[in-house]
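Me: I should like a close look at a single part of this structure. Please describe that part from one end to the other, in terms a first-year student can follow.

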Amino acid sequence: MEDALRRELGTAVLRPTGYLGGGCISQGQSYDTDRGRVYVKSNSKAEARRMFEGEMASLEAILKTQTIKVPKPIKVIDLPGGNTLFVMEHLEMRGLNRHSAKLGTQLADLHLHNQQLGEKLKKEESTVGKGQGQMEVQFVDQFGFHTVTCCGYLPQVNDWQNDWVTFFAKQRIQPQMDMIEKNSGDREARELWAQLQLKIPSLFCDVEIVPALLHGDLWGGNVAEDDSGPIIFDPASFYGHSELVMIFQCKCTSSCRQQLKQGMEKGMNSSLLKAGCWWTLKEKLLQFYKARKMFEGEMASLEAIQKTNIVRVPQPIKIIDLPGGGAMFVMEYLKMKHLNKYSSKLGEQIADLHLYNQKLGEKLRKEGNTIGKGAGHSESQYVDKFGFHTATCCGYIPQVNEWQSDWPSFFIRHRLQAQLDLIEKDYGDREARELWSQLKLKIPEMFCDVEIVPALLHGDLWAGNVAEDDSGPIIFDPASFYGHSEFELAIAGMFGGFSSSFFSAYHSKIPKAPGFEKRNKLYQLFNYINHWNHFGTGYRGSTLNVMRKLLK
């Protein structure tokens with residue numbers, strides 16, 4: 001790949017910087033070149049070129065407005081063998097923190113840019129429509145975009161429409177409903193949509209909507225900052241209604257708030273507060289029957305981590321069953337911001353969390369006690385097996401945590417095999433089945449001569465589940481169990497969001513053991529399969545590629 005990349009970029013120097021990133025869809029790496037540092041995204045899916053071309057067009061459109069900083073796109077490259085690369089400017093980014101207000105102002109300016117351009121042209125007595133005029137940035141009087149973009153891995157048609165309601169119903173909701181119909185044939189969804197689509201126009205009565213250039217996928221993982229100000233990236237742009245960006249701020253419906261209030265009035269002593277459009281008492285609402293089980297696992301995980309007194313987590317309070325199904329999990333509100341200056345401290349604290357059970361065992365042995373799982377009188381007891389006292393959920397998939405005496409048996413049976421059983425049930429993927437039949441025989445040899453003491457894990461330590469406040473790091477949304485400490489680092493390193501200082505601080509306390517890199521790939525495999533089960537076949541290629549590499 002690097003030879004082809006060097007040739008396409010026309011650079012004599014192409015040196016990996018060691019910075020790895022990426023997200024749920026593509027993987028990324030930075031390189032130093034003759035012309036500066038670049039960031040290269042790679043994807044092996046058949047539709048990768050179309051996805052990257054849409055992203056490149058989106059970045060170019062935002063860049064032209066000069067309202068908000070984005071990485072400068074450079075080139076989309078097809079590689080022999082089917083892989084596609086997207087090369088762009090490398091920006092030294094960190095989590096959005098002190099420039100949040102400025103980001104809000106700049107996004108508003110981005111959304112107003114086309115409207116203000118139209119007003120300026122009217123004042124100049126010009127009549128300019130889409131595609132007319134001599135300016136580089138032209139007024140757009142329709143809804144859509146000049147090319148297909150992808151939100152996640154799903155392509156979005158952006159054919160121009162004269163009114164927003166037609167565009168939104170026809171090219172956003174209807175295509176998604178068509179996929180639901182194709183994949184699950186959900187009758188209730190079909191019937192509700194048949195009624196709802198007739199009512200949508202009434203929601204826009206007396207609302208004047210001027211096409212606004214949108215980022216198109218503006219969630220917390222696609223914004224950042226550097227010393228100069230905010231940065232947005234990974235766009236799926238089109239000209240639409242500016243209010244669409246606000247969907248990522250809706251945390252709580254009125255019915256959820258009412259149920260929360262009623263639950264607290266039945267005996268809880270906390271107060272319910274509101275700050276802007278965010279609720280200061282965090283609640284989670286899931287309208288499906290397994291919600292209580294999932295929340296019980298999360299509550300048990302928070303309680304286990306909290307007992308160690310090592311790393312801060314929200315204090316769990318109560319699980320409330322909702323009338324008509326579903327449940328609510330109430331916990332302490334913490335005023336969190338993106339992990340930034342406490343990355344190194346978090347690395348140390350995660351290492352201490354992983355060492356806690358081992359040190360407890362050493363202490364008990366020194367005192368002449370032989371303690372096994374469940375024995376002893378201290379609140380925190382030494383655990384000599386792998387598992388957890390209750391089921392937990394990684395995403396919405398329940399994980400069995402039955403105790404096992406050795407780690408390879410636990411990991412194969414309760415993590416990989418359980419996920420691959422779901423793949424078999426939903427997809428019947430023959431290649432995955434065949435690769436797994438070979439790989440599971442080789443897994444035990446990856447743990448030869450490695451002593452593994454059960455470590456209490458967070459269980460889903462990606463960047464979206466860590467934060468900080470003024471006092472230090474915070475972790476949340478755990479799916480805990482006692483396992484191999486190396487398991488925790490796989491997802492932390494897969495999708496970016498953790499600085500090198502986090503890993504350096506961690507490994508200063510728990511050095512890499514021989515064979516670490518291969519085992520890290522094995523643990524990444526679990527996360528790729530889990531994403532395949534959650535988000536579909538976009539993760540099939542990554543899953544099979546990792547399995548093939550592990551078999552070499």
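Reply: The buried residues of helix 4 pack against three other elements, namely strand 7 (154-156), helix 5 (187-199) and strand 11 (238-240). This description rests on a predicted model. The residues of helix 4 that take part in this packing, being the buried ones, are Trp164, Val165, Phe167, Ala169, Gln171 and Arg172. Here, a residue counts as buried when its relative accessible area is under 20%.

The helix itself comprises residues 164-184, which makes 21 residues. From its first C-alpha to its last it reaches 29 Å, close to the 30 Å expected at 1.5 Å a residue.

At the N-terminal end, helix 4 is capped by Asp163. A side-chain oxygen of Asp163 lies 3.4 Å from the backbone nitrogen of Val165, and Val165 is itself among the buried residues of the helix.

Further along, the helix has a kink of about 40° at Gln174. This kink lies shortly before a proline, Pro175. The span of helix 4 is nevertheless close to the expected value, as stated above.

At the other end, helix 4 is followed by Gly185. The phi angle of Gly185 is positive, near 55°.

Taken from end to end, then, the part begins with the cap formed by Asp163, continues through the kink at Gln174, and is followed by Gly185 with its positive phi. Its buried residues, including Trp164 and Phe167, pack against strand 7, helix 5 and strand 11.

Methods:
Residues numbered from 1 in each chain as written. Predicted model: local features only at pLDDT ≥ 70, side-chain atom pairs only at ≥ 80, totals over all residues. Heavy atoms only, no water. Helix = DSSP H or I, 4+ residues; strand = E, 2+ residues; numbered from the N terminus. Expected span 1.5 Å × (residues − 1). Bend = angle between axes of the 7 residues up to and from the residue. Buried < 20%, exposed > 50% of the residue type's maximum accessible area, 1.4 Å probe, protein only. Contact = heavy atoms within 4.5 Å. Polar contact = N/O pair within 3.5 Å; in protein donor to acceptor, adjacent residues only side chain to side chain.
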